[in-house]
Amino acid sequence: MTPWAEIVGAEHVAPGVPIDGVVPACVVRPGSVAEVQECVRAAGRARASLVVQGLGAHMSVGAPPARLDVVLGLDRLARVIDHQAGDMTVTVEAGCTLAALARTLATGDQWLPLDPPRADATTVGGLIAANLSGPLRASQGRVRDLLLGIRVVGADGALVAGGGRVVKNVAGYDLPKLHVGALGTLGVIVEATFKVRPRPACEEAVVIAARSVEAAAEAALGVMASEVTPFWLEVGGPGALAEGPGDGAAVVVGLAGVAEEVAQGRARTLDLARGLRGITVADGAALRARLADFPAEPAAAVLRAAMLPTEVGEFLARASRSGAGLRCLAHAASGVVLVAVPEARAVAGLVAALRPGLEARGGSLVVERATPEAKAQVDVWGDPGEGVALMRGIKAAFDGGGLFAPGRFVADI
């Protein structure tokens, strides 16, 4: 019997499957925090590298691991531990899916207002590790804005807690945020506490056709400068929207609240769009979920560009002129643009064409998710900036032996 089978049981050890083209020896699925600790200690003794996964929905995010011996699957750690509806907090194990969490929170008319791609297959641990978000970031923020506390198994197998289970918690360093977006390179997240919010009674959307992506981005800026308070705000280039007024560019304004509030927002939005063609989508939540899953069709890569909201129109226009059959969707309020690239051979050229200009203006372009063939052509992350020495120091302090996901993060960390 292998050491892994002795810890978790032979039925919870399976042959490895490729992650970004790298094949581990096995997948180990612990059923408790204590078993996670024992697995980490065993890996340390064997000098085996670990990559953590939930359901595997976002394992294409980040660079391919430099070494990968064992995948630690946390799908058995799936409990909602504590929901304090009165305090609007919830504590949950890392392997719990967002769908299961949503069902629990719905009993109190509450929700965790984060809408990453493939939400039904996303676990809490994956949400934090990959710093996933969607259209709702325009009004609800990101993971770091809702995360209150975390428990993590460190490289020595010790269980480390940061933050707490209450909203007003100012004691100590803000360790939870170190793990947001770190792709599991600093430890194994086993539990998290979030603040939650009341779920809006009504959610609609207004889709407004535009003559060009520049015009759509300009219309979005107009919405942001108006009295309308968008729940979410997206700009889609040609082919990005499966529905709406025409096949060209469009701006989509999400509205939420009580019925009267939504009706007022709808009227103001349509007034702003006077002279353009617009439609109202009654089920705004369903449309938002489809936009969160962009691109709907398979793509060799999805690039994520970050810029000022005022630069979105120009960037979308440049990408549309590339001739590579790109589809683009912008989170207009935050200046984040997703670019779906249909063919792997086009990725390196596009990154070379688009990244330098963005970085020169303080923006960035990363290959957010891609096939191994596409990643092999290009630096996934780009320039790490002046903070790279600090990031290396944090990695050395938390995982000096390179146990956790070596090479997946920025600058081969």
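**Exercise 1. The H8/H11 crossing**

Work out the handedness and the relative direction of helices H8 and H11 in this predicted model.

Solution.
- Start with handedness. H8 and H11 cross in a right-handed manner.
- Locate the two helices. H8 covers residues 213-224 and H11 covers residues 312-320.
- Take the geometry. The axes are 8 Å apart and the packing angle is about 160°.
- Apply the cut-off. Angles over 145 degrees count as roughly antiparallel, so H8 is roughly antiparallel to H11.
- List the partners. From H8 come Val213, Glu214 and Ala217; from H11 come Val312, Gly313, Leu316, Ala317 and Ser320.
- Sort them by class. The contact of H8 with H11 has five nonpolar, two polar and one charged residues.

**Exercise 2. The chain as a whole**

Decide how the chain compares in compactness with a globular protein of its length.

Solution.
- Count the elements. The chain holds 14 helices and 19 strands.
- Compare the radii. The radius of gyration is 22 Å, close to the 22 Å that the globule rule gives for 413 residues, so the chain is as compact as a globular protein of that length.
- Add the dimensions. Along the principal axes, the C-alpha atoms fill a box of roughly 70 × 50 × 40 Å.
- Check burial. Of the 413 residues, 52% are buried.
- Look at sequence separation. Take the contacts between residues at least 6 apart in sequence: 71% of them join residues at least 24 apart.

**Exercise 3. Trp4**

Is Trp4 buried or exposed?

Solution.
- Place the residue. Trp4 sits in helix H1, residues 3-8.
- Use the cut-off. Trp4 has a relative accessible area of 11%, and buried means under 20%, so Trp4 is buried.
- Name its contacts beyond four places in sequence. Among them are Val13, Cys26, Val28, Cys39 and Val70.
- Follow one contact. Cys26 is 22 residues from Trp4 in sequence, and their C-alpha atoms are 9.2 Å apart.

**Exercise 4. Unusual backbone**

Find where the backbone departs from this pattern: most residues other than glycine have a negative phi, and most peptide bonds are trans.

Solution.
- Begin with the peptide bond. Phe294 and Pro295 are joined by a cis bond, with omega about -5°. Pro295 lies in the loop between helix H10 and strand S16.
- Turn to phi. Arg47 has a positive phi, near 55°. Its loop runs between helix H2 and strand S3. At 74% relative accessibility, Arg47 is exposed.
- Take Asn131. Its phi is also positive, about 50°. Asn131 lies in the loop between helices H4 and H5. At 23% relative accessibility, Asn131 is partly exposed.

How values were computed
Residues are numbered from 1 along each chain as its sequence is written. This is a predicted model: local features need pLDDT of at least 70, side-chain atom pairs count only at pLDDT 80 or more; totals for chains, interfaces and linings use all residues. Side-chain values use heavy atoms; hydrogens and water are left out. Axes are lines fitted to C-alpha atoms, for helices over the stretch in contact, and angles run from 0 to 180 degrees between N-to-C directions. Helices (H or I, at least four residues) and strands (E, at least two) are DSSP runs, numbered from the N terminus. Angles under 35 degrees count as roughly parallel, over 145 as roughly antiparallel, 65 to 115 as roughly perpendicular and the rest as oblique. A crossing is left-handed if the near helix is turned anticlockwise from the far one by less than a right angle, and right-handed if clockwise. Contact means heavy atoms within 4.5 Å. Ala, Val, Leu, Ile, Met, Phe, Trp, Tyr, Cys and Pro count as nonpolar, Asp, Glu, Lys and Arg as charged, and the others, Gly among them, as polar. The radius of gyration is taken over C-alpha atoms; the globule rule is 2.2 Å times the number of residues to the power 0.38. Buried means under 20% relative accessible area, exposed over 50%, partly exposed in between (1.4 Å probe, protein chains only).
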